[in-house]
Amino acid sequence: MNLFDVYPLNNITITKAKGSYVWDVDGQQYLDMYGGHAVISIGHTHPHYVQRITDQLNKIGFYSNSIKIPLQRALADKLGKVSGKEDYQLFLCNSGAEANENALKLASFYNNRKKVVAFTKSFHGRTSLAVAATDNPNIIALVNETDNVVFLPFNDEASLERYFNEHGNEISSVIIEGIQGVGGINEASVSFLQLIRKLCGEYNAVFIADSVQCGYGRSGKFFSHDYADVNADIYSMAKGMGNGFPIGGIIIAPHIQAKHFMLGTTFGGNHLACAAALAVLEVIEKENLMQNAESVGNYLMSELKNIPHLQNVRGKGLMIGFDVPEELKDLRKNLLFNQHIFTGEAKPNVIRLLPSLTLRKKDADEFLDAVKEEIEKMTEKALS
């Protein structure tokens, strides 16, 4: 049987990982500035994380949600404390797409409406409604097409106000990433997020804060939307939530009430997933990783801005993007194969940095030196 060929793959096989580093089958070490797409929040194979999962696996790995699972309650308590949203309610699932799918559906249950406002360059997942709210026609199948989703310009306050004035009583929800990930590290402005909060309140629409990539401490705050000093009605999360173990969830403001069988999941909130997620929160709290993300991220951005040829350095904490000119379009590839450093990308020429929140200043310096070296070689070659 062949694997279904859906991703272009680098000819690299990783067999070991620790902290911010991974090693391939030949023993070559790589600096991981990509974190498996923002998934590795507390570092690869963190000993507390490994022990937590191992201990749980030796007890019970899974049973269905037809019985009480105290680990779910423990996770909700810890998540409320670390995120500062203790009055919210937690629903657990398995992925970011599933989290956003449930958020959008729950909003429609709440206000009996079906219009969804999303934004240009958004990415919310690959399931039915989540992909329909994603601004990429290449991944939307005909069966996913719907008139229920409208895309407005990102950070355009006038367009948002105009649409609410004309259609406000039809709008079920507004979904927005605090910092767009796949879209290229585009930060929602404070005033834009505050306007969404205001309009959703006025029209009884649901403000969904997609925090799948920009949440869980990556920005220096638990949710990047927190920089706007507003509370969303629903926050979606996944990626860094399990440090590689599949888990997702939404937290839901108290005014949105649950009903039996409204939402459901087979694997969501299973024993192993909860153990992994608890370990992540315990390490984030104990090792002050949000503060580390902010300080190391600020240092990285400051130094990147001093490197000639790099353009529009942006982001928050350890969610950083920058543009490279056309003549440096191979920089990401050269960093991987010449310098042994993983980074992310966004089309056309954006490099994204999504490392572990445990990234040290010395790791950042290793990356910065490598970038300078590759740029120097590439510019010299272009001149020769």
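# Reading the features of a predicted model

Modeller: The structure holds zero disulfides. Please keep in mind throughout that this is a predicted model.

Biologist: What is a disulfide, and where is the nearest cysteine sulfur to that of Cys 200?

Modeller: In general, a disulfide is a covalent bond between the sulfur atoms of two cysteines. Here, Cys 200 takes part in no disulfide, and the nearest cysteine sulfur, that of Cys 214, lies 16 Å away. Cys 200 is also buried, with a relative accessible area of 1%.

Biologist: Why does Cys 274 form no bond with Cys 93?

Modeller: The closest cysteine sulfur to that of Cys 274 is in Cys 93, and the separation of 12 Å is too far for a bond. A disulfide requires sulfur atoms within 2.5 Å. Cys 274 is buried as well, its relative accessible area being 0%.

Biologist: Let us turn to the surface. Which residues form a nonpolar patch there?

Modeller: The patch consists of Phe 4, Val 6, Tyr 7 and Leu 9, which together have about 570 Å² of accessible area. Leu 9 belongs to the segment before strand S1, which spans 14-18.

Biologist: Is Leu 9 to be read as buried or exposed?

Modeller: Leu 9 counts as exposed because its relative accessibility is 75%, and the exposed class begins over 50%.

Biologist: How should I read a pocket? How much space lies in the second largest pocket?

Modeller: One may ask for its volume, then for its lining. The second largest pocket holds about 810 Å³ of space. Its lining comprises 24 residues, and those closest to the centre are Gln 72, Leu 90, Phe 91, Ala 258 and Leu 263. Helix H3 (70-83) and strand S4 (89-93) are the elements that give two or more residues to this lining.

Biologist: Which element provides the largest share of that lining?

Modeller: Strand S4 does, with four residues.

Biologist: How many salt bridges does a search of the whole structure find?

Modeller: The search finds 16 salt bridges. To read one of them, consider the two partners, the distance between them and their places in the chain. Arg 52 pairs with Glu 282, with 2.6 Å between the closest N and O atoms. This pair links distant parts of the chain, as Arg 52 is in helix H2 (residues 47-57) and Glu 282 is in helix H8 (residues 271-286), 230 residues apart. Arg 52 is partly exposed, at a relative accessible area of 25%.

Biologist: Which salt bridge has both residues in helix H3?

Modeller: Arg 73 and Asp 77 both lie in helix H3, four residues apart, which is about one turn of the helix. The closest N and O atoms of this salt bridge are 2.9 Å apart. Arg 73 counts as exposed at 54% relative accessibility, whereas Asp 77 counts as partly exposed at 44%. Elsewhere, salt bridges that share partners join Lys 78, Lys 81 and Glu 285 into one network.

Biologist: Is Arg 314, the partner of Asp 323, buried or exposed?

Modeller: Arg 314 counts as buried, because its relative accessibility is 14% and the buried class covers values under 20%. The side chains of Arg 314 and Asp 323 meet in a salt bridge of 3.1 Å, N to O.

Biologist: How far apart in space are Ser 295 and Leu 318?

Modeller: Distance in sequence and distance in space are separate readings. Ser 295 and Leu 318 are 23 residues apart in sequence and 9.0 Å apart in space, C-alpha to C-alpha. Ser 295 has its place in helix H9 (residues 289-304) and is partly exposed, with a relative accessible area of 43%.

Biologist: Finally, what should I look for in the backbone?

Modeller: In general, most residues other than glycine have a negative phi, and most peptide bonds are trans. In this structure, the peptide bond from Lys 347 to Pro 348 is cis, with omega near 0°. Pro 348 is found in the loop between strands S16 (344-346) and S17 (350-353).

Biologist: Where is Ile 185 placed, and what is its phi?

Modeller: Ile 185 has a positive phi of about 60° although it is not a glycine. Ile 185 lies in the loop between strand S8 (179-180) and strand S9 (186-187), and it is buried, with a relative accessible area of 1%.

Biologist: What is the phi of His 340?

Modeller: His 340, likewise not a glycine, has a positive phi of about 60°. His 340 sits in the loop between helix H10 (331-337) and strand S15 (341-342), and it counts as partly exposed at 23% relative accessibility.

Notes. Residues are numbered from 1 along each chain as its sequence is written. This is a predicted model: local features need pLDDT of at least 70, side-chain atom pairs count only at pLDDT 80 or more; totals for chains, interfaces and linings use all residues. Side-chain values use heavy atoms; hydrogens and water are left out. Buried means under 20% relative accessible area, exposed over 50%, partly exposed in between (1.4 Å probe, protein chains only). Patches are made of residues with over 30% relative accessible area and no salt bridge: like charges are joined within 9 Å, nonpolar side chains (Val, Leu, Ile, Met, Phe, Trp, Tyr) within 5 Å. Accessible areas come from the Shrake-Rupley method with a 1.4 Å probe; for residues, only the protein chains shown count as cover. A salt bridge is a side-chain nitrogen of Lys or Arg within 4 Å of a carboxyl oxygen of Asp or Glu. On a 1 Å grid over the protein atoms alone, a cavity is a set of points where a 1.4 Å probe fits but cannot get out, and a pocket is an open set with protein on both sides within 12 Å along at least five of seven lines; lining residues have an atom within 4 Å of a point. Grid points are joined across faces, edges and corners, and a volume is the space filled by probe spheres set on the points.
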